[in-house]
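User: I've got a fold in front of me and I'd like to talk through how it is put together. Can you take my questions as they come?

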Amino acid sequence: MNYIVMDLEWNQSTYGRAGEHPRLPFEIIEIGAVKTDADYNIISEFRTLIKPKVYTKLHHTIKDMLNYDEKELFSKGKQFKDACKEFLDWCEGEKKEEYAFCTWGMSDLYYLQSNMDFYYMEKLKFPVKYYNIQQIYADKYDPEKNICKLEKAVEFLKMDQTEPFHAAINDARYTARVMKEANLGDFSEKYSFDIYRHPKKKEEEIIDFHDGMIEYISSEYTSKIAAMEDRDVRSVVCPKCKRRVSRKLVWFQSAPNTDLSVGKCLYHGYVVGRIKFKETGGSDPNVFVMKRVTRTDKKGYETIKKRKLDLRKKKREKRHQAKGK
């Protein structure tokens, strides 16, 4: 299998939200990508500029980062549909080879699909898997697993910096070099699911076992309360043996859109469930759920338990303060 390491540059309204197109807040103006083999060696490259249709003037912050201007975009840029089709054809190659997308961060595939939808192009095959090299790198090199900019990773690895950053093809090359020189090894199980498109119906829901965890992406619900009434959302099973666990901490809200739960498998110890509620972005205030269940230890359990107790204490204090006013 080949890896398509891609990077996009996009433009936006120079007038902020007031001038934003509701279907296209970010317009792609450049696609850069390299194709690597299974050992992360670059075997092919793709680069094209795209002539803007919606935002014909570059936003000042974007213009400062790029090494070209509007004149070059209009003189050398292609129509988006033509450029995107060429790119996807290049990804497969003449032999229609299997490939997987790799990106530095979570945005590129999301915006690629939003631009494709704007021009009513055929959608990518659902669900869309990809490798977030930024997070995979952070998981290995940062104790807290905090992400960093591509420039920082390149500097840390003492890689040559002969080309400027923020040119799509250059950033794609740098990302591919990080994949090879950071000794990330076999990360085939560390894929993510892009959520530009999410399950609409129960039969489309994603339940996947990979990288030592269970990942579940639900269909839509009318509210968070309605989502938590679904047994499929609430359930927690051991990622190793798939058996139900005894509940140690029932689901509780740890952040505005995040709930946590802890259970214990008789055979494999503690597991933690994390739910993130995502708005569907439609006209209705619907939500869908992204749930991950991973293994933890007693220390992890005690940390989450303390967080729950601290949050409960803060709520009591707020209620008492409200009563005293």
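What follows is a set of questions and answers on sheets, salt bridges and two buried residues.

User: Before we start, what kind of model is this, and what goes into the values?

Analyst: Residues are numbered from 1 along each chain as its sequence is written, and side-chain values use heavy atoms, with hydrogens and water left out. Local features need pLDDT of at least 70, side-chain atom pairs count only at pLDDT 80 or more, totals for chains, interfaces and linings use all residues, and the model is predicted.

User: In what order do the strands of the open mixed sheet run?

Analyst: Strands here are DSSP runs of E with at least two residues, helices are runs of H or I with at least four, and both are numbered from the N terminus. Two strands pair if DSSP finds at least two bridges between them. There are 6 strands in this open sheet with mixed pairing, and the order is S3-S2-S1-S4-S5-S6.

User: Which strands stand at the edges of that sheet, and why is one side of each left without a neighbour?

Analyst: Each edge strand has a single partner strand, so one side has no neighbour in the sheet. The two are S3 (42-49) and S6 (192-193).

User: How many bridges join S1 to S4?

Analyst: S1 covers residues 2-11 and S4 covers residues 99-103. Ile-4 stands opposite Phe-101 in S4. The two strands run parallel, and the number of bridges is 4.

User: At what angle does helix H7 run to S2?

Analyst: Axes are lines fitted to C-alpha atoms, for helices over the stretch in contact, and angles run from 0 to 180 degrees between N-to-C directions. H7 (residues 168-181) lies across S1, S2, S3 and S4. Its angle to S2 is about 35°.

User: Which salt bridge partner does Arg-173 have in strand S3?

Analyst: A salt bridge puts a side-chain nitrogen of Lys or Arg within 4 Å of a carboxyl oxygen of Asp or Glu, and the structure holds 17 of them. Arg-173 sits in helix H7 and its partner in S3, so the pair ties together parts that are 128 residues apart in sequence. At 3.0 Å, N to O, the partner is Glu-45.

User: Which residues share one salt bridge network with Lys-202?

Analyst: Lys-202 meets Glu-205 at 3.4 Å, N to O, and its closest N and O atoms with Asp-230 are 2.6 Å apart. The Asp-230 pair links distant parts of the chain, 28 residues apart: Asp-230 is in the loop between helix H8 (224-228) and helix H9 (231-234), while Lys-202 is in the loop between S6 and S7 (206-210). Salt bridges with shared partners join Lys-202 into one network with Glu-205, Asp-230 and Asp-232.

User: Is Lys-202 buried or partly exposed?

Analyst: Buried means under 20% relative accessible area, exposed means over 50%, and partly exposed is in between (1.4 Å probe, protein chains only). Glu-205 is buried at 15%, and Asp-230 counts as buried at 17%. Lys-202 has 36% relative accessibility, so it counts as partly exposed.

User: What is the strand order in the antiparallel sheet?

Analyst: S8 (residues 213-217) pairs antiparallel with S12 (residues 287-295) over 5 bridges, and Tyr-216 stands opposite Lys-291 in S12. S11 (residues 269-279) is joined to S12 by 9 bridges, also running antiparallel. This open sheet has 6 strands, in the order S7-S8-S12-S11-S10-S9.

User: Which backbone oxygen lies 2.8 Å from the side chain of Ser-261?

Analyst: Ser-261 is found in S10 (residues 258-265) and counts as buried, at 1% relative accessibility. A polar atom of its side chain lies 2.8 Å from the backbone oxygen of Leu-249.

User: Which side chain of opposite charge is nearest to Lys-35?

Analyst: Lys-35 is placed in S2 (residues 27-36). Lys and Arg count as positive, Asp and Glu as negative, and His and the chain ends are not counted. A polar atom of the Lys-35 side chain lies 3.5 Å from the backbone oxygen of Cys-91. Lys-35 is buried yet has no salt bridge, and the nearest side chain of opposite charge, 4.6 Å away, is Glu-97.

Methods. Polar contact = N/O pair within 3.5 Å; in protein donor to acceptor, adjacent residues only side chain to side chain. Contact = heavy atoms within 4.5 Å.
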